Amino acid sequence: MIAGAALVDGVVFVVPLAVGLILTLGIEVGVAHLMGYSSSRQHVAVVAVNLITNPFAAWLTYFTVFLFAYSASLGLPKLFQNPWWTIGLAVAVIEITVVIIEWLLLRWALGSDSKRALLVSATMNTASFLAGIALYGLASVLSR
Amino acid sequence: VKPIARCASFVALVVAAVLVSTAPAFADLIFYPIGPGNTGVSATDPINTIGIGVTLLVAALVALVGWLLLVAVHQGGSDDAESVTGTPGSSLASSDEQDRASR
């Protein structure tokens, strides 16, 4: 029974992460392609860095939401009990960390120019972040 | 014309992704458990530690696949060599051969 419960709980978490990952891959590979990363090798590198960073970033985001949802019962200071700006701050830190990690990984894997790799990493992550914000806004409107 | 075409393609890509993804059921799928209005998270619910653990395990496995892919890409050569010669590492090979021939 415990294994079954774990499977159900895991699927509840993993499915949205998988959908988010697929959307992120579509947007980021598209943006990287438009920025000149047009060979299949460069596409694979962009997919690979996203496979490394995206699940952990999404997991950390969800974990942050959980932390703030339970902040009162966990006895956290009132400062941490206003979810919107604290979650926003956490997401900003996570996104900046992702940009830096993907920049370093792309530079290492492709042996390409450092500035170019940073520009591609920052642009594709900004695009997927903005798309996520737009999706969240539209989903909020549609759910009313 | 090229930058405009690129910008237009990018905007089209984002708009298409937004349109496809905002079917209500699909949106619920993406944003659960954050969900609009944090519907998936309630302080009265027990903490889903098993779900958090299983998700972390899956994240680690996906990251491992990504790392193996990236190592394979890294072993394929560098962009700089590719951009100069068309094929990774071929400029080095041909200059070595020329050196040997001249000796």
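This dialogue walks through a predicted model of two chains, A and B.

Q: How confident is the predictor in chain A, as a mean pLDDT?
A: Where pLDDT is low, the predicted coordinates should not be read in detail. Chain A has a mean pLDDT of 79. In that chain, 69% of residues reach 70 or more.

Q: Where in chain A is confidence lowest, and where is it highest?
A: The low end is helix H3 (residues 71-74) of chain A, with a mean of 62. The high end is helix H4 (residues 83-110) of chain A, at 85.

Q: What is the secondary structure of chain A?
A: Count helices and strands, then read their order. Chain A has 5 helices and 0 strands. Its pattern along the sequence is α-α-α-α-α.

Q: How many helices and strands are there in chain B?
A: Chain B holds 5 helices and 0 strands. Along the sequence, chain B reads α-α-α-α-α.

Q: What share of each chain is buried?
A: In chain A, 45% of the 144 residues are buried. In chain B, the share is 24% of 103 residues.

Q: What part of the accessible surface belongs to carbon and sulfur atoms?
A: Take the chains in turn. Chain A has an accessible surface of about 7,000 Å², and carbon and sulfur atoms account for 78% of that area. Chain B exposes about 6,500 Å², with 69% supplied by carbon and sulfur atoms.

Q: Which share of the contacts in chain A comes from residues 24 or more positions apart?
A: Consider contacts with a separation of 6 or more. Of these, 64% in chain A link residues 24 or more positions apart.

Q: Why does Leu106(A) count as buried?
A: Compare relative accessible area with the cut-off: buried means under 20%. Leu106(A) has 0% relative accessibility, so this residue counts as buried. Leu106(A) sits in helix H4 of chain A.

Q: What is Leu106(A) in contact with, leaving aside neighbours within four places in sequence?
A: The partners include Tyr37(A), Ala45(A), Val46(A) and Val49(A). Also among them are Gly111(A), Ser112(A), Ala117(A), Val120(A) and Met124(A). A C-alpha distance adds another view: Leu106(A) and Ser121(A) are 8.1 Å apart in space and 15 residues apart in sequence.

Q: Is Thr53(A) buried or exposed?
A: Thr53(A) is buried, at a relative accessible area of 6%. This threonine belongs to helix H2 (residues 40-69) of chain A. Not counting residues up to four places away in sequence, Thr53(A) touches Val98(A), Ile101(A) and Glu102(A).

Q: How many aromatic pairs does the structure hold?
A: Over all chains there is 1 aromatic pair. Trp108(A) and Trp67(B) have ring centres 5.5 Å apart and planes at 5 degrees, so the pair is stacked. Planes under 30 degrees apart count as stacked.

Q: Why does the pair join two chains?
A: Trp108(A) lies in helix H4 of chain A, while Trp67(B) lies in helix H3 of chain B, so the pair spans two chains. Trp108(A) is partly exposed, at 35% relative accessibility. Trp67(B) is also partly exposed, at 39%.

Q: Which residues make the nonpolar surface patch?
A: Trp108(A) contributes from chain A. Leu57(B), Leu61(B), Leu64(B), Trp67(B) and Leu68(B) contribute from chain B. The patch is about 630 Å². Helix H3 (residues 49-75) of chain B gives the largest share, 5 residues.

Q: Is Leu57(B) buried or exposed?
A: Exposed means over 50% relative accessible area. Leu57(B) is exposed, with 55%. Leu57(B) is found in helix H3 of chain B.

Definitions and conventions
Residues are numbered from 1 along each chain as its sequence is written. Chains are lettered from A and ligands numbered from 1 in the order in which they are written. This is a predicted model: local features need pLDDT of at least 70, side-chain atom pairs count only at pLDDT 80 or more; totals for chains, interfaces and linings use all residues. Side-chain values use heavy atoms; hydrogens and water are left out. Patches are made of residues with over 30% relative accessible area and no salt bridge: like charges are joined within 9 Å, nonpolar side chains (Val, Leu, Ile, Met, Phe, Trp, Tyr) within 5 Å. Accessible areas come from the Shrake-Rupley method with a 1.4 Å probe; for residues, only the protein chains shown count as cover. A salt bridge is a side-chain nitrogen of Lys or Arg within 4 Å of a carboxyl oxygen of Asp or Glu. Helices (H or I, at least four residues) and strands (E, at least two) are DSSP runs, numbered from the N terminus. Buried means under 20% relative accessible area, exposed over 50%, partly exposed in between (1.4 Å probe, protein chains only). Contact means heavy atoms within 4.5 Å. pLDDT is the predictor's confidence in each residue, from 0 to 100. Rings of Phe, Tyr and Trp (its six-membered ring) pair if their centres lie within 6.5 Å; planes under 30 degrees apart count as stacked, over 60 as edge-to-face and the rest as tilted.
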